Amino acid sequence: MLASGSGSNLQALLETPAVRPHIALVVSDRPGARALERAIEHGVRTETVLWADSDDRDSFSMAVADVVEASGAKGVVLAGFMRILGPTFIARFPDRILNIHPSILPAFPGAHAVEAALAHGVAVSGVTVHIVDEGVDTGPIVAQVPVGVDPDDTVKTLHARIQRVEHRVYPDVVTAFVEGRIEVVDRKVVLR
Ligand code: GRF
C-alpha cells in the first residue's frame with residue numbers, strides 16, 4: 001500500500017480480516033505520515049521513499065516500484081498517495097494498481113476534488129475506486145458510491161462524509177482485488 005497522509009483508508013484495510021494478511025508493506029513519501037504509524041501499530045513493515053532523493057518522476061517511480069517488488073507484492077493499493085507515479089511504474093504492475101478518489105469520476109479529477117465539487121455547486125459527489133492507468137484519475141472504474149452535498153457543507157464536512165463511505169467501499173473492493181476477482185477487459189472492469 002502507498003499512502004502519504006493520515007491513512008484512515010489504510011486503517012480501514014488493516015482492520016479488514018480478508019485484506020490484512022495481504023498487506024506486505026506500506027510505502028510513504030512522507031517520513032512523518034500518520035499512515036506509517038498506523039502500519040507499525042498493526043505490525044506491517046514500512047518504507048519511506050523520498051521525492052528529494054530522486055532526480056525526476058521516473059526515477060522516483062522506479063525507486064517506489066523497486067521496494068514494492070522486493071516485498072513480493074503482486075499488486076498496489078493507493079490510499080491518499082499524493083505523488084503521481086510515472087508510466088514506468090504503471091507498466092510494472094499492469095491493471096494491478098487501485099486508487100480511491102473523493103468524487104464521481106470523471107468529474108473533478110486531481111488533488112482538490114472535494115473543493116472543486118463544492119465550488120461547482122454540485123448536489124451529489126461521492127467516491128470512486130478505479131484501476132490506475134497512465135492518466136490522472138482516468139483509469140477503469142471498479143466502484144462508485146454517491147454522497148449528497150448539503151447546502152451548508154464545507155470542504156471539511158463533505159470530505160468527512162465522503163471518507164465514511166470510502167471506509168466501507170475500499171475494504172470491499174480490496175477484498176475482491178486480493179481474491180483475484182477484478183479483471184480489466186477492453187478498458188472496462190469485470191468483477192467476478
Ligand atoms: C481520501 O479521501 C482519498 O479519496 C484521497 O485521499 C484521501 C486519503 O485519506 N485519494 P486517508 O489518508 O486515507 O485518510
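Buried here means under 20% relative accessible area, exposed means over 50%, and partly exposed lies in between (1.4 Å probe, protein chains only). By that scale Asp 153 is buried, its relative accessible area being 12%. The model is predicted, so local features need pLDDT of at least 70 and side-chain atom pairs count only at pLDDT 80 or more, while totals for chains, interfaces and linings use all residues. Residues are numbered from 1 along each chain as its sequence is written, and side-chain values use heavy atoms, with hydrogens and water left out.

Asp 153 is a good place to begin with the charged pairs. It forms a salt bridge with Arg 161, with 2.7 Å between the closest N and O atoms; the term stands for a side-chain nitrogen of Lys or Arg within 4 Å of a carboxyl oxygen of Asp or Glu. Arg 161 also forms a salt bridge with Asp 150, where the closest N and O atoms are 3.6 Å apart. This second pair links distant parts of the chain, 11 residues apart, with Arg 161 in helix 6 and Asp 150 in the loop between strand 6 and helix 6. Helices (H or I, at least four residues) and strands (E, at least two) are DSSP runs, numbered from the N terminus. Arg 161 counts as partly exposed at 22% relative accessibility, and Asp 150 is partly exposed at 37%.

The structure holds 11 salt bridges. One of them brings together the side chains of Asp 29 and Arg 83, at 3.2 Å from N to O. Asp 29 sits in the loop between strand 1 (26-28) and helix 2 (34-41) and Arg 83 in the loop between strand 3 and helix 4, so this pair ties together parts that are 54 residues apart in sequence. With 5% relative accessibility Asp 29 counts as buried, whereas Arg 83, at 31%, counts as partly exposed.

Turning to the sheet, 4 strands form an open arrangement in the order 3-4-5-6, with mixed pairing. Two strands pair if DSSP finds at least two bridges between them. Strand 3 (76-77) and strand 6 (141-148) are the edge strands, each pairing on one side only. Helix 6 (residues 155-178) packs on this sheet and touches strand 3, strand 4, strand 5 and strand 6, its direction making about 155 degrees with that of strand 6. The axes behind that angle are lines fitted to C-alpha atoms, for helices over the stretch in contact, and angles run from 0 to 180 degrees between N-to-C directions. Strand 4 (residues 97-101) and strand 5 (residues 124-131) run antiparallel and are joined by 4 bridges; Asn 99 has His 130 in strand 5 as its bridge partner.

What lies beneath this packing? The largest nonpolar core has 35 residues, of which Leu 98, Val 129 and Tyr 170 touch the most other members. Such a core is a set of buried Ala, Val, Leu, Ile, Met, Phe, Trp, Tyr and Cys residues joined through side-chain atoms within 4.5 Å. Helix 6 gives the largest share of this core, 9 residues. Neighbours within four places in sequence aside, the contacts of Val 129 (heavy atoms within 4.5 Å) include Leu 98, Ile 141, Val 169 and Tyr 170. A second, separate core of 18 residues includes Leu 25, Val 76, Phe 81 and Phe 89.Phe 81 also takes part in the aromatic contacts. A search of the whole structure finds 3 aromatic pairs, where rings of Phe, Tyr and Trp (its six-membered ring) pair if their centres lie within 6.5 Å, and planes under 30 degrees apart count as stacked, over 60 as edge-to-face and the rest as tilted. Phe 60 and Phe 81 form a stacked pair, with 6.4 Å centre to centre and 10 degrees between the planes. Phe 60 lies in helix 3 (residues 57-70) and Phe 81 in the loop between strand 3 and helix 4 (87-92), so the pair ties together parts that are 21 residues apart in sequence. Both Phe 60 and Phe 81 are buried, and with Trp 51 they form one aromatic cluster.

A few backbone details complete the picture. A cis peptide bond, with omega about 10 degrees, joins Leu 105 and Pro 106. Pro 106 lies in the loop between strand 4 and helix 5 (113-120), and Phe 108 is found in the loop between strand 4 and helix 5 as well. Phe 108 has a positive phi of about 60 degrees although it is not a glycine, and it counts as buried at 18% relative accessibility. Asp 137, in the loop between strand 5 and strand 6, likewise is not a glycine yet has a positive phi of about 60 degrees.
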